[in-house]
Amino acid sequence: MSGPVKQPPLPGMQRAATSARTLPAWLGELHLIRRALLCFTLTMLASLVLLSLSIAYREREAQQLDLAQRTRSAAAMLFNHAEAEKQEIRAYEPQFLALGRRGLIGEENRLAWIDAIRRSQEQRKLLPISYDISPQQGLQVPLPMVMGQYQLRGSRMRLQMDLLHEMDLLNLLDDLRQAGYFAVQDCSLKRHAAAAAAAGPGSGGVATPTLGAECELLWLTLGSAPVPGRP
């Protein structure tokens, strides 16, 4: 009987098969250092974890340090601002109290104005004076002027009086300045036409006015500014 004829493998094929089946010698020795490799791997992982934690801790500490420095700087600024305000208060307190006594700070005192008119009229023997005071109103101030918590207010007063001479009006205004602060908005004088005839021999020595004056004064006060949202 004849069977299949087996041919010997080619030389190149035999070398390829042999090389595919052969493994490096060091792979067979890995079991000898398995524990060392495991320990190295765990050490590396632990080192990476510790490094990440240390970096996070350092960043957190840096943030807290920065926050503390900014808080300290803000506190120093507030302290310096408070000290500057104390120095300004000590420097300007006398002037502030003097303005309060003169009636500029606080609520207006119309009775003091009226009483000043009455005293001036009595002491200087002035002719009768009539006056009219309008309601108080807020005033606009120039932009560069900072009023803070105060608001400038004004009340208009119209004065009408007869004068023996011009000094009567000037003396009255000078007396009124002792009762507060005001600005003369308008003032007009007119001469009476019949003054010379009335002052003749038949006048009997009675003082006859020679001038008539009509003035508008603006009494000024500084009051607390209204806070928005409060009734």
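Start with Q151: its bridge partner in β5 is G223. That is one contact in the pairing of β3 with strand β5, residues 211-224. The two strands run antiparallel, joined by 14 bridges. Keep in mind that this is a predicted model.

Stay on β3, which covers residues 150-163. What else pairs with β3? Strand β1, residues 129-133, does, through 5 bridges. Again the sense is antiparallel. To find the register, look at Y131: its partner in β3 is L159.

Then there is strand β2, just residues 137-138. It pairs with β3 over 2 bridges, also antiparallel. Here G138 sits opposite R153 of β3. So when you trace β3 on screen, you meet β1, β2 and β5 as partners. One general reminder while you look at the strands: in a regular strand, side chains alternate between the two faces of the sheet.

Now the helices. α3 spans residues 110-123, and α4 spans residues 166-176. They pack with their axes 9 Å apart. The angle between them is about 140°. Why call them oblique? Only angles over 145 degrees count as roughly antiparallel, so α3 and α4 are oblique to each other. Their crossing is right-handed.

Last item, the largest pocket. Its volume is about 280 Å³. Which residues line it? E88, I89, Y92, E93, Q95 and F96. By class, that lining is 3 nonpolar, 1 polar and 2 charged.

Technical notes. Residues are numbered from 1 along each chain as its sequence is written. This is a predicted model: local features need pLDDT of at least 70, side-chain atom pairs count only at pLDDT 80 or more; totals for chains, interfaces and linings use all residues. Side-chain values use heavy atoms; hydrogens and water are left out. On a 1 Å grid over the protein atoms alone, a cavity is a set of points where a 1.4 Å probe fits but cannot get out, and a pocket is an open set with protein on both sides within 12 Å along at least five of seven lines; lining residues have an atom within 4 Å of a point. Grid points are joined across faces, edges and corners, and a volume is the space filled by probe spheres set on the points. Ala, Val, Leu, Ile, Met, Phe, Trp, Tyr, Cys and Pro count as nonpolar, Asp, Glu, Lys and Arg as charged, and the others, Gly among them, as polar. Two strands pair if DSSP finds at least two bridges between them. Helices (H or I, at least four residues) and strands (E, at least two) are DSSP runs, numbered from the N terminus. Axes are lines fitted to C-alpha atoms, for helices over the stretch in contact, and angles run from 0 to 180 degrees between N-to-C directions. Angles under 35 degrees count as roughly parallel, over 145 as roughly antiparallel, 65 to 115 as roughly perpendicular and the rest as oblique. A crossing is left-handed if the near helix is turned anticlockwise from the far one by less than a right angle, and right-handed if clockwise.
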